[in-house]
Amino acid sequence: VKEFDLASDAGLCPVERNALSDFYDSTKGAEWTNDTKWLDEYTRYCDWKGVTCDYDKQHVTELALSNNGLSGRLRESVGN
């Protein structure tokens, strides 16, 4: 139901979480070697495997996912 979709609500679903979700989908995350906690609705995106955030856990500063079986094309939303 569109009016109940909270994906675009930045307070409940931060822009960076949405971009990481797009990254996961576009790089075939379900086929990764290790996708621990990725897309888990009860886990902060800063705690997803390979994601490093700043001190306040507000912004992603690094993705460390080498040798994890990523493939595919990145979506434009990842660069924003």
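**Fold and aromatic core of the predicted model**

Among the contacts in the chain with a separation of 6 or more, 45% are made by residues 24 or more positions apart. The model is predicted, and its 80 residues are arranged as two helices and two strands, which follow one another along the sequence in the pattern α-β-β-α. Of these 80 residues, 26% count as buried, while the accessible surface of the chain amounts to about 5,900 Å², with 48% of that area belonging to carbon and sulfur atoms.

For helix H1, which has 12 residues, a rise of 1.5 Å a residue gives an expected span of 16 Å, and the end C-alpha atoms are indeed 16 Å apart, so the two values agree. The buried residues of H1 comprise Arg17, Ala19, Leu20, Ser21, Phe23, Tyr24 and Ser26. Just after H1, Lys28 adopts a positive phi of about 55 degrees. The two strands, E1 and E2, run antiparallel and are joined by three bridges, one pairing being that of Cys53 with Val60 in E2. Together E1 and E2 form a hairpin with six residues between them, and in the turn Lys57 has a positive phi of about 55 degrees.

The largest nonpolar core contains 11 residues, namely Leu20, Phe23, Tyr24, Trp32, Trp38, Tyr45, Cys46, Trp48, Val51, Cys53 and Leu65. Two elements, helix H1 (15-26) and strand E1 (51-53), each give two or more residues to this core, and the largest share, three residues, comes from H1. Trp38 is one of the core residues and is buried, with a relative accessible area of 6%; leaving aside neighbours within four places in sequence, Trp38 is in contact with Leu20, Phe23, Tyr24, Trp32, Trp48, Lys49, Val51 and Leu65.

Seven aromatic pairs are present in the structure. In one of them, the ring centres of Tyr24 and Trp32 lie 4.9 Å apart with the planes at 70 degrees, and because an angle over 60 degrees counts as edge-to-face, the pair is assigned to that class. Both residues of this pair, Tyr24 and Trp32, are buried. Trp38 and Trp48 form a tilted pair, with 4.9 Å centre to centre and 40 degrees between the planes. Since Trp38 and Trp48 both lie in the loop between H1 and E1, this pair ties together parts that are 10 residues apart in sequence. Trp48, like Trp38, is buried, with a relative accessible area of 2% for Trp48 and 6% for Trp38. Phe23, Tyr24, Trp32, Trp38, Tyr45 and Trp48 form one aromatic cluster.

How values were computed:
Residues are numbered from 1 along each chain as its sequence is written. This is a predicted model: local features need pLDDT of at least 70, side-chain atom pairs count only at pLDDT 80 or more; totals for chains, interfaces and linings use all residues. Side-chain values use heavy atoms; hydrogens and water are left out. A nonpolar core is a set of buried Ala, Val, Leu, Ile, Met, Phe, Trp, Tyr and Cys residues joined through side-chain atoms within 4.5 Å. Buried means under 20% relative accessible area, exposed over 50%, partly exposed in between (1.4 Å probe, protein chains only). Helices (H or I, at least four residues) and strands (E, at least two) are DSSP runs, numbered from the N terminus. Contact means heavy atoms within 4.5 Å. Accessible areas come from the Shrake-Rupley method with a 1.4 Å probe; for residues, only the protein chains shown count as cover. The expected span of a helix is 1.5 Å times one less than its number of residues. Two strands pair if DSSP finds at least two bridges between them. Rings of Phe, Tyr and Trp (its six-membered ring) pair if their centres lie within 6.5 Å; planes under 30 degrees apart count as stacked, over 60 as edge-to-face and the rest as tilted.
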